[in-house]
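Student: I have a protein chain open in front of me and would like to work through its fold with you. Could we go step by step, from the whole chain down to single elements?

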Amino acid sequence: MSAADNQSPPATGPVTGASYAAAGVDIEAGDRAVELMKEWVKKTQRPEVLGGLGGFAGLFDASALKRYERPLLASATDGVGTKVDVARQMGVYDTIGHDLVAMVMDDIVVCGAEPLFMTDYICVGKVHPERVAALVKGIAEGCVLAGCALVGGETAEHPGLLGADDFDVAGAGTGVVEADRLLGADRIRTGDAVIAMASSGLHSNGYSLVRHVLLNQAGLSLDAHVDDLGRTLGEELLEPTKIYSLDCLALTRTTEVHAYSHVTGGGLAANLARVVPDGLHAIVDRSTWTPAPVFDLVGRLGDVERLELEKTLNMGVGMIAVVPEESTEVALATLADRGVEAWVAGEITDRGEHPTGAALVGDYDS
């Protein structure tokens with residue numbers, strides 16, 4: 001709730017007409033949610049953050065940017081899509097925040113920017129303080145994993161528009177990169193290696209297709225144990241999106257990196273194509289990895305064509321790094337030391353017979 005929503009009306013006697021509470025907005029519940037979330041927000045604080053919760057705006061000391069010659073601010077905003085409905089049905093609210101931070105901050109780190117701070121927006125049909133606090137807990141934990149501060153947010157109660165248990169989350173973030181260290185297509189050269197970093201599962205894209213296939217068409221239950229997955233379907237679908245921000249920053253510190261690509265909506269090929277310059281082509285060999293069983297499950301039960309799967313889901317790759325061929329060994333060692341499963345999945349070539357962009361070749365290793 002905004003500060004304005006938290007202002008109590010003057011005491012003028014009993015309210016006999018319409019009221020905010022009668023309309024479905026519980027100010028006291030919102031206040032309790034704020035109190036419950038404070039401890040989690042504190043865990044995300046960086047030295048540059050000023051003040052705490054309760055102000056109209058989050059404050060970040062920009063004098064920290066003086067160490068940059070030419071600082072470029074990078075910003076991104078996103079949500080987690082219909083994955084929130086899986087969380088609602090499961091009654092699990094403390095993981096979806098990881099997904100939100102990953103979707104925002106892993107977009108920011110793609111250009112080489114260090115994540116600085118983030119704000120969130122939580123919209124609910126009815127404020128359940130413990131649920132809201134659990135959502136913020138997940139966001140705060142995600143911010144710690146991304147190395148950024150959670151400097152503020154908004155909880156809005158929308159009775160009449162959302163059901164009492166319905167909610168959605170969104171966030172916006174800011175990062176900074178030195179201008180001459182900006183990563184992107186202009187750095188990529190023929191012969192560069194395409195390094196794939198494993199996803200933790202479905203991440204936060206394609207859930208409209210996944211839910212339609214597994215829950216509607218196949219009629220599976222979220223609490224049903226699925227042998228192919230080794231756990232319940234709900235546990236698999238709520239696996240948090242991996243946050244690569246600090247891993248990518250570590251990689252840029254230890255070796256030369258030309259570009260990153262965050263594999264989200266559109267799949268691997270489409271997102272990698274976004275950083276491939278005109279005249280060059282990225283070739284990714286499917287045989288270099290085996291997608292997790294959940295991807296096969298969706299394809300098999302929904303009779304989904306491979307091309308449709310690949311342009312909707314990440315198929316086991318959550319982040320791509322494009323590095324000079326001579327940097328490959330150091331890059332893989334750095335990621336391995338950080339516990340990130342990674343491998344050389346392809347290379348950058350002259351366009352040849354292929355149009356500018358990216359293509360997947362071969363069959364997945366089984």
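Tutor: Let us begin with a term: contact means heavy atoms within 4.5 Å. This is a predicted model, in which local features need pLDDT of at least 70 and side-chain atom pairs count only at pLDDT 80 or more, while totals for chains, interfaces and linings use all residues. Residues are numbered from 1 along each chain as its sequence is written, and side-chain values use heavy atoms, with hydrogens and water left out.

Student: Among contacts between residues at least 6 apart in sequence, what percentage join residues at least 24 apart?

Tutor: The count takes in contacts in the protein chain between residues at least 6 apart in sequence. Of these, the share that joins residues at least 24 apart is 85%.

Student: In what order do the six strands of the open sheet run?

Tutor: Helices (H or I, at least four residues) and strands (E, at least two) are DSSP runs numbered from the N terminus, and two strands pair if DSSP finds at least two bridges between them. The pairing in this open sheet is mixed, and its edge strands, β10 (259–262) and β14 (357–361), each pair on one side only. The order is β10-β12-β7-β13-β11-β14.

Student: Which residue of β12 is the bridge partner of Val194?

Tutor: Strand β7 (residues 193–198) and strand β12 (residues 317–323) run antiparallel and are joined by six bridges. In β12, the partner of Val194 is Val322.

Student: Which strands of the sheet does α7 touch?

Tutor: Helix α7 packs on the sheet, and its direction makes about 170 degrees with that of β10; axes here are lines fitted to C-alpha atoms, for helices over the stretch in contact, and angles run from 0 to 180 degrees between N-to-C directions. Seven of the 10 residues of α7 are buried, where buried means under 20% relative accessible area with a 1.4 Å probe, protein chains only. The strands that α7 touches are β7, β10 and β12.

Student: How many residues of β5 are buried?

Tutor: Strand β5 (residues 149–157) is mostly covered. Eight bridges join β5 to strand β4 (residues 114–124), and the two run parallel, with Tyr121 standing opposite Glu154 in β5. Of the nine residues of β5, the number buried is seven.

Student: Which residue of β5 stands opposite Tyr121, and how do β4 and β5 run, parallel or antiparallel?

Tutor: The strands β4 and β5 run parallel. The residue opposite Tyr121 is Glu154.

Definitions and conventions. Buried means under 20% relative accessible area, exposed over 50%, partly exposed in between (1.4 Å probe, protein chains only).
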